[in-house]
Amino acid sequence: MTLLGTSVSKMTIYIRLLVLHVCALNTYIVHIESKEATPPNWPPPPTNTILENAAEWGATKYLQLVQKSGLDKTLYNGKGPLTIFVPNNDAFDNLNPDVLKQLESNQTFLQQILLYHTVNATVVDNDLRQNERLFPTMLKPRELRSELYIEGTKVGVWTVSGAMLQYGDVMSTNGVVQGLMSLIYPLPEKNIYDYISGDKNFTIIKKVIDVAGLNTTFKDKDPHTLFAPLDEAFDTVPKSFLDKVLSSPSLAKYVLYNHMINCTVYSVGFFNDQPMSNMNGKPMNFDTDYYRDTIAVNNISITERDLPVTNGVIHGMNGILYPPQFSEYQAM
């Protein structure tokens, strides 16, 4: 399996076209996929366990934590099948030192993180290609969410709850190994509405949600991406206009729809020159550098990206997403 192109082996006998509908893009992408002729008893059955294969792929820091957790002698030593999502060594090197220290010193916390990265079933490439598919983890009731993002006409990146896949489908005697480029953390605990309600930096947008009557929408399981202005972003908004928003449900909903996409788009899914449509049908244009150190949407910086929730994702912003003509707001 390859993540950024098409895998073609010398046994390829034909190709087929897979048409993918891309979240929030008014387009369809054609992906050329190989189909292989397989001789009898090929591929040979796996001989390594999931942990042995993780070791072969160089996930030494992950394995050290598994051993520290004690799960190597219990859960991961069983018959399975299990799918483990294994962060690479760089993922732990780039982790917040306080989180890494907690992983190394708090066995209960460590086990919870490892169980969140484990599915009690076989999860393979074809499963992960399905946008918005949820996989129950062994840290019940939490789930993993799969997304596939396409850049231009190329196959883009697979993600699992926002973490990019590095390699996949390493078949093992007791399951499958899927390699990740980052640790999935923090874990999603709340829906969008409850997250916004509990964060002191989002008190104003929470009021807008309440006036618009969208609190139920943000509590439902249907996924959304919310670009949430921080309270400080409203400092530049005329008080008269904000008062009007907070007294008009229709205007409040229009403002919110300008900050919403009706599917889950993590920051790795933002591409230059590839706009998405918000829920008002207006374009959202993204600007990011090569290393994604900075990301902006319609020239507004995303300052808090990929805030984890159970029904999508939140991106905190330092500004307001006005429509192309501000008069559209004022006239409502």
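Let's start with an opening in the protein: the largest pocket has a volume of about 1,200 Å³. Of the 41 residues that line this pocket, S161, G162, L183, I184 and Y185 are the closest to its centre. Keep in mind as you look around that this is a predicted model.

Which elements give two or more residues to the pocket lining? They are helix 3 (89-93), strand 6 (143-151), strand 8 (163-172) and strand 16 (300-309). Strand 16 supplies the largest share, four residues. Sorted by class, the lining holds 20 nonpolar, ten polar and eleven charged residues.

Two of the residues closest to the pocket centre, S161 and Y185, are worth a visit for their backbone. S161 sits in the loop between strand 7 (154-160) and strand 8, and its phi is near 50°, a positive value in a residue other than glycine. Is S161 buried or exposed? With a relative accessible area of 16%, S161 is buried, because the cut-off for that word is under 20%. Y185, for its part, leads into a cis peptide bond to P186, with omega near -5°. P186 is in the loop between strand 9 (175-180) and helix 7 (192-198).

Now step back to the chain as a whole. It has eleven helices and 17 strands, and of its 332 residues, 48% count as buried. If you take the contacts with a separation of 6 or more, 64% of them are between residues 24 or more positions apart. The accessible surface of the chain is about 16,300 Å², and 51% of that belongs to carbon and sulfur atoms.

Next, the interior. In soluble globular proteins, nonpolar side chains tend to be buried together. Here the largest nonpolar core has 43 residues, and Y62, Y76 and L103 touch the most other members. Helix 5 (residues 107-116) gives the most to this core, with six residues. L103 makes a good place to put your cursor: leaving aside residues up to four places away in sequence, L103 touches L65, K68, F92, L95, F109, L110, I113 and L183. Apart from this core lies another one, of 29 residues, including A212, L214, F234 and A252.

What about enclosed space? A search of the whole structure finds two cavities of 30 Å³ or more. The largest has a volume of about 50 Å³ and is lined by V208, F234, V237, F241, L242, V245, V255 and I320. F234 in this lining is also a member of the 29-residue core. Helix 9 (residues 239-245) contributes the most to the lining, with three residues. The lining divides into eight nonpolar, no polar and no charged residues.

The second largest cavity has a volume of about 30 Å³. Its lining consists of L65, F92, L103, L110, I113, L114 and L183, so you meet L103 again here, and helix 5 gives the most to this lining, with three residues. By class, that makes seven nonpolar, no polar and no charged residues. L183 is also among the residues closest to the centre of the largest pocket.Finally, a few loops reward a closer look. S267 lies in the loop between strand 11 (260-261) and strand 12 (276-277). At 5% relative accessibility, S267 counts as buried, and S267 touches R292, I295, R305, D306 and H315, not counting residues up to four places away in sequence.

K221 offers a contrasting case, in the loop between helix 8 (203-212) and strand 10 (224-229). Why does K221 count as exposed? Its relative accessibility is 59%, and exposed means over 50%. Beyond residues up to four places away in sequence, K221 touches L134, E143 and N311. The C-alpha atoms of K221 and T310 are separated by 7.5 Å, although the two residues are 89 residues apart along the chain.

Two more backbone details round off the tour. The peptide bond from K140 to P141 is cis, with omega near 5°, and P141 is placed in the loop between strand 5 (133-136) and strand 6. E132, in the loop between helix 6 (125-128) and strand 5, has a positive phi of about 65° although it is not a glycine. With a relative accessible area of 22%, E132 is partly exposed.

Note on methods
Residues numbered from 1 in each chain as written. Predicted model: local features only at pLDDT ≥ 70, side-chain atom pairs only at ≥ 80, totals over all residues. Heavy atoms only, no water. Buried < 20%, exposed > 50% of the residue type's maximum accessible area, 1.4 Å probe, protein only. Contact = heavy atoms within 4.5 Å. Areas by Shrake-Rupley, 256 points an atom, 1.4 Å probe, with all protein chains shown as cover. Core = buried A, V, L, I, M, F, W, Y, C linked by side-chain atoms within 4.5 Å. 1 Å grid on protein atoms, 1.4 Å probe; cavity = no way out; pocket = protein on both sides within 12 Å on 5 of 7 lines; lining within 4 Å. Points joined across faces, edges and corners; volume = space filled by probe spheres on them. Nonpolar A, V, L, I, M, F, W, Y, C, P; charged D, E, K, R; others polar.
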